[in-house]
Amino acid sequence: MSKNVKVNVEYLTRVEGHGNIVVNVKNGKLEECRLDIVESPRFFEGMLRGRSIFEAQHITSRICGICACGHTLASIQAAEDAIGFQPTEQTIKLRKLLLHLENLDSHILHIYLLVAPDLLGVKSFVPLIHTHNDVVRRALRMKKACNDVCDILVGRHVHPISAIVGGFTKLPKEKELDAMLEILESIQVDMAPTIELGASLKFPEFQRETEYVGLVNDTDEYPLLQGDIGSTDGLRMDKHDYKKITNEFIVPHSSAKHTKASRDSYMVGALARVNLNFEKLHPKAKKVANAIGLKPITANPFLNTAAQLIECIHSLEDSIKILKEFKNEGIDYAQAITVGLNENGQIPVKAGKGVGAVEVPRGILFHEYEVDNKGKIINANCIIPTGQNLNNIEYDMKKLVPEVLDKKQDEITLLMEMLVRAYDPCISCSAHFLDVKYIDC
Amino acid sequence: MHEMHVIKNLFQDLLKLADENNTRKITNVYLKMGLFTEINPEILTYFFKEQGKGTPLESAKLHFADSDMRELKLVSFDCE
């Protein structure tokens with residue numbers, strides 16, 4: 001006999017990402033604590049095989065809708081390195097501008113729409129529309145500004161069009177430089193209340209020393225696009241040796257590989273960059289960092305959000321500086337280049353291997369390509385910042401849980417979610433992406 | 001990207017409920033799905049069929065009802 005069973009179970013909060021925190025405490029002692037990554041592999045490296053090096057940036061930008069520009073730039077850098085192409089100073093400077101805009105856009109998203117609701121005591125940014133309407137409007141205004149400037153610079157922010165191997169297909173005209181400058185200067189006004197908001201947020205007290213990894217250089221520039229790989233434990237190596245840093249390994253509970261360098265785990269991202277390159281930040285950024293007490297080496301991962309705030313100031317000020325320099329020095333429009341798939345052999349191609357190492361919002365991103373003498377990709381490897389942070393998050397959780405076992409289960413759940421969110425993991429919609437499962441607690 | 005995870009959770013619940021209700025076979029599963037869920041019903045149905053092989057859900061049909069809310073709910077199921 002057939003019967004109908006009423007259930008009414010909601011799945012959406014379990015959907016917005018692919019991670020589960022598993023906590024197993026027996027007799028007041030933590031037996032197991034892990035972050036399961038259950039999303040399916042996406043096989044981008046496989047998709048790249050056999051494709052032209054000149055379309056790799058368009059394919060790999062699809063890895064992420066938030067870090068699309070970062071993937072584009074890491075891909076282009078790896079491609080140019082593989083075929084031995086040296087971009088011009090103007091191209092490099094425009095790429096730095098693009099990276100700043102993406103960092104700013106992504107950090108604003110994280111600070112305002114993902115972290116602030118936790119710290120303002122609401123479940124998502126939607127209730128903030130009623131309780132903190134000005135905050136939501138400011139966040140959207142700042143995000144729109146970044147998107148609008150990216151539209152002018154590379155056609156669009158999500159999956160940019162004009163940034164290619166060899167340079168840019170289209171270079172901003174003088175009136176477009178004016179428009180970009182005007183937009184960015186307009187959100188300088190919004191930065192003051194953003195700093196106020198950041199300073200007012202109460203981050204949980206927690207300390208765990210770890211190794212911080214990011215780009216380093218010997219100049220005064222805060223390295224985002226170029227540099228060696230360095231760590232707070234004193235590692236320094238050329239980007240081509242990135243595998244000696246990442247040392248990827250497989251764990252059974254995660255479809256994403258884990259990494260480790262000098263210690264059991266390491267952290268990448270804004271906090272790692274600030275810890276490594278604090279002195280190279282824009283003076284305004286450093287001033288705010290000092291005011292909110294963020295200084296190297298900060299070992300509280302929750303303060304990654306504060307480090308992002310500091311980077312917002314740096315990226316905005318540096319973007320304005322770059323645009324002013326372009327306005328004063330002018331742009332060499334003869335450098336605009338249309339390559340397509342290089343059917344006309346505009347760019348000389350040779351067989352080789354190349355690496356791109358770029359600081360994107362969530363940390364250092366690696367792309368490596370091996371190409372044949374026709375510019376076809378033979379092998380590819382992409383190592384994403386969130387993957388590099390997973391192991392470190394687990395070690396943080398293992399230290400955090402025993403320290404908060406006296407709290408109620410829902411408070412522990414929130415703290416664990418906040419910890420993972422502090423890393424700004426690029427698992428889609430991380431606002432409420434986690435299932436926290438307790439076993440025998 | 002999300003659909004496989006949804007199906008995994010959905011199956012976990014359905015198989016547990018099927019066991020609790022002493023059923024051999026689930027014939028229909030009724031979901032309510034709203035806007036902006038980032039879930040594709042076609043892909044969800046594909047994973048539902050694949051995951052169902054060799055389980056009490058093997059020949060079950062998935063039914064979707066629209067919703068104005070941003071939600072994805074398992075409303076009920078028919079079983080024998």
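Me: Which helix gives the most to the lining of the second largest cavity?

Reply: Rolling a probe the size of a water molecule over the atoms shows where empty space is left. In this predicted model, α13(A) gives the most to the lining of the second largest cavity, namely three residues. The space has a volume of about 40 Å³, and its walls are formed by Ile111(A), Gly198(A), Leu201(A), Phe203(A), Ile292(A), Thr305(A), Ala306(A) and Leu309(A). Sorted by class, that lining holds six nonpolar and two polar residues, with no charged residues.

Me: How many cavities of 30 Å³ or more does the structure hold, and what lines the largest cavity?

Reply: There are two cavities of 30 Å³ or more, and the largest has a volume of about 80 Å³. Its lining consists of Val115(A), Asp118(A), Leu119(A), Phe203(A), Pro204(A), Phe302(A), Thr305(A), Met418(A), Arg421(A) and Ala422(A), with α5 and α15 (409-422) of chain A each supplying at least two of these residues. By class, seven residues of this lining are nonpolar, one is polar and two are charged.

Me: What is the volume of the second largest pocket, and which residues lie nearest its centre?

Reply: A pocket is an open set of points, whereas from a cavity the probe cannot get out. The second largest pocket has a volume of about 360 Å³ and is lined by 19 residues, with Gln77(A), Gln86(A), Pro87(A), Gln226(A) and Lys239(A) nearest its centre. Two elements of chain A, α4 (68-83) and α5 (89-119), give two or more residues to this lining, and the largest share, five residues, comes from α4(A). The lining divides into seven nonpolar, six polar and six charged residues.

Me: Which residues touch the most other members of the largest nonpolar core?

Reply: Within that core of 113 residues, Phe302(A) and Tyr369(A) touch the most other members, while α5(A) is the element that gives the most to the core, with twelve residues. A second, separate core has 22 residues, among them Val29(B), Met33(B), Phe48(B) and Leu57(B).

Me: Turning to single residues, is Glu311(A) buried or exposed?

Reply: The cut-off for calling a residue buried is under 20% relative accessible area, so Glu311(A), at 3% relative accessibility, counts as buried. Glu311(A) sits in helix α13 (residues 304-329) of chain A, and its side chain makes a polar contact of 2.6 Å with the side chain of Arg273(A). Neighbours within four places in sequence aside, Glu311(A) is in contact with His107(A), Tyr222(A), Ala270(A), Arg273(A) and Val274(A).

Me: Where is Arg208(A) placed, and which side chains make polar contacts with that of Arg208(A)?

Reply: Arg208(A) is found in the loop between α9 (188-200) and β6 (211-216) of chain A, and with a relative accessible area of 14% Arg208(A) is buried. Its side chain makes a polar contact of 2.8 Å with the side chain of Asn392(A), and another polar contact, of 2.5 Å, joins the side chains of Arg208(A) and Asp396(A).

Me: Is Asp218(A) buried or exposed, and which residue's side chain is joined to that of Asp218(A) by a polar contact?

Reply: For a residue to be called exposed, its relative accessible area must be over 50%; Asp218(A) has 68% and is therefore exposed. Asp218(A) lies in the loop between β6 and β7 (228-231) of chain A, where a polar contact of 3.0 Å joins its side chain to that of Arg236(A). Setting aside neighbours within four places in sequence, Asp218(A) is in contact with Arg236(A) and Lys280(A).

Technical notes:
Residues numbered from 1 in each chain as written. Chains lettered and ligands numbered in written order. Predicted model: local features only at pLDDT ≥ 70, side-chain atom pairs only at ≥ 80, totals over all residues. Heavy atoms only, no water. Helix = DSSP H or I, 4+ residues; strand = E, 2+ residues; numbered from the N terminus. Buried < 20%, exposed > 50% of the residue type's maximum accessible area, 1.4 Å probe, protein only. Polar contact = N/O pair within 3.5 Å; in protein donor to acceptor, adjacent residues only side chain to side chain. 1 Å grid on protein atoms, 1.4 Å probe; cavity = no way out; pocket = protein on both sides within 12 Å on 5 of 7 lines; lining within 4 Å. Points joined across faces, edges and corners; volume = space filled by probe spheres on them. Nonpolar A, V, L, I, M, F, W, Y, C, P; charged D, E, K, R; others polar. Core = buried A, V, L, I, M, F, W, Y, C linked by side-chain atoms within 4.5 Å. Contact = heavy atoms within 4.5 Å.
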